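User: I have just opened this structure and would like to understand the labels people put on it. Could you walk me through the reasoning behind them?

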Amino acid sequence: MQSGGGVTNATAITSSVMPKHEFSVDMTCEGCSNAVTQVLNELGGVQFDIDLPNKKVCINSEHSVDTLLETLGKTGKAVSYPGSK
């Protein structure tokens, strides 16, 4: 006997889980965050959030950490990788 509203596993199938990485980037202004946005969009295959006040960039991507570090480094800003989140 089934109860309830017919919950399925569709959400598990449609939302692929990509590794999430948090980077510290020495951003001081909107121009810095725009530079980060530009290089990540050029790389492709990423979803990201920029936290300018805390100088953090959270990236969901299948790219390697080394690739992401190299890409963020193209901004000319100091970048560090404290680890996965």
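Analyst: Gladly! Let us start with a definition: a residue is buried when its relative accessible area is under 20%, exposed when it is over 50%, and partly exposed in between. Please keep in mind that this is a predicted model.

User: Why is Cys29 called partly exposed?

Analyst: Its relative accessible area is 36%. That value lies between the cut-offs of 20% and 50%, so Cys29 is partly exposed.

User: And what makes Cys58 buried?

Analyst: Cys58 has a relative accessible area of 18%. Buried means under 20%, so Cys58 is buried.

User: How do you know that Cys29 is in no disulfide?

Analyst: A disulfide needs two cysteine sulfur atoms within 2.5 Å. The nearest cysteine sulfur to that of Cys29 belongs to Cys32 and is 3.6 Å away, so the pair does not meet the cut-off. The structure as a whole holds zero disulfides.

User: What is the overall layout of the protein?

Analyst: There are three helices and four strands. Read from the N terminus, they follow the order α-β-α-β-β-α-β. Of the 85 residues, 24% count as buried. The protein exposes about 5600 Å², and carbon and sulfur atoms supply 50% of that area.

User: How many salt bridges does a search of the whole structure find?

Analyst: The search finds two. One of them joins Glu22 and Lys56, and the other brings together the side chains of Asp26 and Lys55.

User: What makes the pair of Glu22 and Lys56 a salt bridge?

Analyst: The definition asks for a side-chain nitrogen of Lys or Arg within 4 Å of a carboxyl oxygen of Asp or Glu. Here the closest N and O atoms are 3.9 Å apart, so the pair qualifies. The salt bridge links distant parts of the chain: Glu22 belongs to strand 1 (residues 20-25) and Lys56 to strand 3 (residues 56-61), 34 residues apart.

User: Are these two partners buried or exposed, and why?

Analyst: Glu22 has 14% relative accessibility, which is under 20%, so Glu22 counts as buried. Lys56 has 26%, which falls between the two cut-offs, so Lys56 counts as partly exposed.

User: Why is the pair of Asp26 and Lys55 called a salt bridge?

Analyst: The N to O distance is 3.3 Å, which is within 4 Å, so this pair meets the definition. The pair also links distant parts of the chain, 29 residues apart: Asp26 sits in the loop between strand 1 and helix 2 (30-43), and Lys55 in the loop between strand 2 (46-51) and strand 3. Asp26 has a relative accessible area of 37%, so by the cut-offs of 20% and 50% Asp26 is partly exposed. Lys55, at 32%, is partly exposed too, for that value also lies in between.

User: What is notable about the phi of Lys55?

Analyst: Lys55 has a positive phi of about 55 degrees although it is not a glycine. In general, most residues other than glycine have a negative phi.

User: Why does Ala78 count as exposed?

Analyst: Ala78 has a relative accessible area of 52%, and exposed means over 50%, so the label fits. Ala78 is placed in the loop between helix 3 (65-73) and strand 4 (79-84).

User: Which residues does Ala78 touch, leaving out those up to four places away in sequence?

Analyst: Ala78 touches Ser24, Val25 and Asp26. Ala78 and Met27 are 51 residues apart in sequence, with their C-alpha atoms 8.5 Å apart in space.

Technical notes. Residues numbered from 1 in each chain as written. Predicted model: local features only at pLDDT ≥ 70, side-chain atom pairs only at ≥ 80, totals over all residues. Heavy atoms only, no water. Helix = DSSP H or I, 4+ residues; strand = E, 2+ residues; numbered from the N terminus. Buried < 20%, exposed > 50% of the residue type's maximum accessible area, 1.4 Å probe, protein only. Contact = heavy atoms within 4.5 Å. Areas by Shrake-Rupley, 256 points an atom, 1.4 Å probe, with all protein chains shown as cover.
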